[in-house]
Amino acid sequence: GQKFITCGEIMLRLTPPNYEKLRMASNFEASYGGSEANIALALANLGVDSTFFSVVPNNSLGKSAVRWLRSNDVHCTPMILTEPNETPSNRLGTYYLETGYGIRPSKVIYDRKHSAITEYDFSQVDLDALLEGFDWLHLSGITPALAPNCRGLIIDMLKVAKKKGLTVSFDGNFRSTLWTWDEARDFCTECLPYVDVLLGIEPYHLWKDENDHSKGDWKDGVPLQPSYEQQDEIFQHFIERYPNLTCIARHVRYAHSGSENSLKAFMWYDGHTFESKLFTFNILDRVGGGDAFASGLIYAMLHDYKAMDMINFAVASSAIKHTIHGDANITDDVSTIRNLMNMNYD
Ligand code: KDG
């Protein structure tokens with residue numbers, strides 16, 4: 001089988017039970033999250049040989065995070081466990097999630113500044129050796145938003161991965177609480193020449209015209225979705241500019257009344273635009289939906305699914321995640337997603 005590796009921050013997630021608001025909580029459920037870790041976990045649960053690289057403190061919190069990954073069959077051999085002299089604050093990033101209910105949206109509070117990964121000197125890491133033997137590298141726009149050392153690590157990993165011939169997927173994953181859109185856009189644009197599969201960022205908003213003016217529609221400094229009619233033009237523009245891009249995919253969630261939502265996705269692949277089925281479901285925990293979409297797409301590509309099956313598997317994977325507690329798409333096996341993907345909703 002093919003070997004997958006990803007790198008990012010894993011955090012302790014603290015959630016009040018039973019949809020309670022943070023201000024009311026007297027208990028927190030502890031779990032672990034982080035976009036790239038979620039993907040490593042989802043793929044391992046589907047039977048892919050999956051590895052997660054990160055930096056965590058060598059204390060009970062860091063070790064528990066590693067144990068959670070290992071208990072889900074994620075390989076953590078390259079994991080760096082740091083002592084206080086290596087990363088002065090030596091802490092595990094934490095985030096608080098107030099789970100939304102129906103019309104009440106979820107709320108996230110990060111407590112992740114100066115976490116171990118943001119203070120580690122990555123020049124000590126031999127990336128060539130780290131990526132040896134892997135077929136696929138996945139990275140996201142969250143890690144480079146954390147600190148300059150992480151930004152350097154991500155761009156270096158991309159370059160080494162390309163040189164070694166790995167397939168590279170990149171999820172833009174814009175987090176407005178970590179950096180500005182301008183910073184995110186410039187960084188993502190720098191990454192594009194090394195990326196095969198682009199996810200989670202609207203290419204339209206990376207697009208600057210000849211006069212260096214950004215395209216795309218904006219509201220309050222955050223990019224808005226382009227119309228469906230614009231998709232083809234957008235994809236064409238990017239494929240011409242970055243011939244290395246073999247797949248661009250984005251998924252869109254439509255909120256209905258209460259907690260009912262629908263998902264569908266658009267994908268540019270092999271010269272064509274594909275539109276997935278529409279999946280409708282009730283939300284139990286929406287965190288990690290985008291990661292489940294990414295892991296579904298990566299799984300389908302690793303297993304040579306046909307284009308329509310790729311995109312439907314990815315959306316079905318995201319839909320089922322919305323019904324599962326926690327950040328990661330912990331499914332029992334591939335048939336869970338395949339059965340859903342083959343159901344007729346339209
Ligand atoms: O995609 C889910 C992530 O948002 C969650 O796991 C936390 O990684 C996280 C982040 O930085 O927001």
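Q: If helices (H or I, at least four residues) and strands (E, at least two) are DSSP runs numbered from the N terminus, where is the place of R104?
A: This is a predicted model, in which local features need a pLDDT of at least 70 and side-chain atom pairs count only at pLDDT 80 or more, while totals for chains, interfaces and linings use all residues. Residues are numbered from 1 along each chain as its sequence is written. With strand 7 spanning residues 94–98 and strand 8 spanning 107–111, the place of R104 is in the loop between strand 7 and strand 8.

Q: What average pLDDT does the chain have?
A: The pLDDT is the predictor's confidence in each residue, from 0 to 100, and for the complex the predictor also gives an ipTM of 0.95 and a pTM of 0.94. In the chain, 91% of the residues score at least 70, and the average pLDDT is 91.

Q: Is R104 buried or exposed?
A: A residue is buried if 20 or more other C-beta atoms, placed from the backbone, lie within 10 Å of its own, exposed if 12 or fewer, and partly exposed in between. R104 is 9.2 Å from S259, C-alpha to C-alpha, although the two are 155 residues apart in sequence. With 12 other C-beta atoms within 10 Å, R104 is exposed.

Q: Which helices each supply at least two residues of the shell around the ligand?
A: A residue belongs to this shell if its C-beta atom, placed from the backbone, lies within 6 Å of the ligand; among the residues surrounding the ligand are G33, S35, N38, Y95, R175, G290 and D327. By class, the shell has three nonpolar, six polar and three charged residues. The helices that each supply at least two of its residues are helix 1 (35–45) and helix 9 (289–302).

Q: Which strands are the edge strands of the open sheet with the order 3-2-7-8?
A: Two strands pair if DSSP finds at least two bridges between them, and this open sheet of four strands has mixed pairing. Strand 7 and strand 8 pair in the antiparallel sense over five bridges, and T94 has D111 of strand 8 as its bridge partner. Each of the edge strands pairs on one side only, and they are strand 3 (29–33) and strand 8.

Q: How many of the five residues of strand 1 are buried?
A: Strand 1 (residues 3–7) runs parallel to strand 4 (residues 49–53), to which five bridges join it, with F53 as the partner of C7. It also pairs in the parallel sense with strand 9 (residues 136–140) over three bridges, where L137 is the bridge partner of I5. Strand 1 is largely enclosed by the rest of the structure, because the number of its five residues that are buried is four.

Q: What arc do the buried residues of helix 6 cover around the axis?
A: In helix 6 (residues 181–191), the buried residues are A184, R185, C188 and C191. The arc, taken from the directions from the helix axis to the C-beta atoms, puts these residues on the same side of helix 6, since it covers only 125 degrees.

Q: Which exposed residues does the face of helix 11 turned away from its buried side carry?
A: The buried residues of helix 11 (residues 334–342) are I337, L340 and M341. Seen down the axis, they fall within an arc of 100 degrees, so they line one face of the helix. The face turned away from this buried side carries the exposed residues S335, N339 and N342.

Definitions and conventions
Nonpolar A, V, L, I, M, F, W, Y, C, P; charged D, E, K, R; others polar.
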